[in-house]
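Trainee: Could you take me through one part of this model in detail? I would like the helix pair and what surrounds it, with the cut-offs spelled out.

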Amino acid sequence: MTLIYTLAGLMLVYLVLTLWLTYIVHQVPRKPVADPPDWGDVTDARIPTGEGGFLEVWRIEPESPVAGVVVFAHGWSRNRDRMVARARYFGRWGFSTVIHSARDHGGSSPRRFMNAMKFAEDIETVLAWVGEPVILYGHSAGAAGAVIAAARNPEKIRLLFLEGCYADTREALLNLYRWYNHFLGTCFGPMILLWMNLMYKNGLDKISPKRLALKVKAPVMIIHGEKDQRFPAGYATELQRCFPGEGAELYLAPGADHSESSKTPGYAIAVKSFLERHGYKLT
């Protein structure tokens, strides 16, 4: 009987601990950076969200005639400044660029339990504010949110860029937890995902990019670091095959990790070529 009570106690501790960890992984870390835009005419705005909060947004207009509008979505823990270096390329090519911080990130309003679905809601708020079809560019969690937004709003997306994304949500999160700490990820990761799935009303699999890919109508370019350990390059090739038609185009950045693809020499060439092949005449 003592053994049974001991095992029951250990199980209770495990359940409480994993529930607490589920809360923690939704809340931390937050690692904003400072890198304000240094080109064009910058508008710094706050736009309201549907639940009474707000998003901080930059809209940067180029000095040349506008080729189109590009909306950027940053990844987990970051802020709008994280996407400025990427947006700078598009600004030089004549695009109006719009960069926001997701809720609970940067200077946007607080929001508990942020996730890919909430990132998508914030992207949709920005799309409504822009008021015209755009090119959508997401990185990491922002890429996962971008897939959801593109699948739900096909008429608003002209092209879709996904950097540092993944195909299957469960597999990606488990690998992410193991990358952060192998012991914690192996022992507690599966239960954290079980708690998450309960919180998301059994919807964790439904928001996997590979399940949403068929609903995306815009041409897609996947950008991924060859040495990405958080989401290995195999995730990108798996996701590439999930899009309709001939699938997505893939730029595998040589030697890059999760966030460094845009710093590789071939990045600007690959992105510009993709834009030009889809009808954009760039400066």
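Mentor: What follows is a close look at helix H5, its partner H6 and the salt bridges.

This is a predicted model, so local features need pLDDT of at least 70, side-chain atom pairs count only at pLDDT 80 or more, and totals for chains, interfaces and linings use all residues. Residues are numbered from 1 along each chain as its sequence is written, and side-chain values use heavy atoms, with hydrogens and water left out.

Start at Thr169. It is found in helix H5, residues 169-180. Helices here are DSSP runs of H or I with at least four residues, strands are runs of E with at least two, and both are numbered from the N terminus. Thr169 has a relative accessible area of 3%, so it is buried. Buried means under 20% relative accessible area, exposed means over 50%, and partly exposed lies in between, with a 1.4 Å probe and protein chains only. Leaving aside residues up to four places away in sequence, Thr169 touches Leu204, Ile207, Ser208 and Pro209. Contact means heavy atoms within 4.5 Å.

Next, the packing of H5 on helix H6, residues 182-199. Their axes come within 8 Å and cross at roughly 145°. Axes are lines fitted to C-alpha atoms, for helices over the stretch in contact, and angles run from 0 to 180 degrees between N-to-C directions. The crossing is right-handed. A crossing is left-handed if the near helix is turned anticlockwise from the far one by less than a right angle, and right-handed if clockwise. H5 contributes Arg170, Leu173, Leu174, Tyr177, Arg178 and Tyr180. On the H6 side they meet residues including His182, Gly185, Leu193 and Asn197. By class, this contact has 8 nonpolar, 5 polar and 2 charged residues. Ala, Val, Leu, Ile, Met, Phe, Trp, Tyr, Cys and Pro count as nonpolar, Asp, Glu, Lys and Arg as charged, and the others, Gly among them, as polar.

Asn181 lies in the loop between H5 and H6. Its relative accessible area is 29%, so Asn181 is partly exposed. A polar atom of the Asn181 side chain lies 2.9 Å from the backbone nitrogen of Leu184.

Arg170 also has a salt-bridge partner. Its side chain meets that of Asp205 at 2.7 Å, N to O. The pair links distant parts of the chain, 35 residues apart: Arg170 is in H5, and Asp205 is in the loop between H6 and helix H7 (209-212). Asp205 is partly exposed at 26%. Arg170 is also partly exposed, at 26%. A salt bridge is a side-chain nitrogen of Lys or Arg within 4 Å of a carboxyl oxygen of Asp or Glu. Side chains of opposite charge can pair when their charged atoms come close.

For context, a search of the whole structure finds 17 salt bridges. One of them joins Glu121 and Lys118 at 3.5 Å, N to O. Both lie in helix H3 (residues 116-130), 3 residues apart, about one turn of the helix. Glu121 is partly exposed at 30%, whereas Lys118 is buried at 17%. Another joins Glu61 and Arg59 at 2.6 Å, N to O. Glu61 is partly exposed at 24%, and Arg59 is buried at 18%.

Conventions. A polar contact is a pair of N or O atoms within 3.5 Å; within protein, one must be able to donate a hydrogen and the other to accept it, and residues adjacent in sequence count only if both atoms are side-chain atoms.
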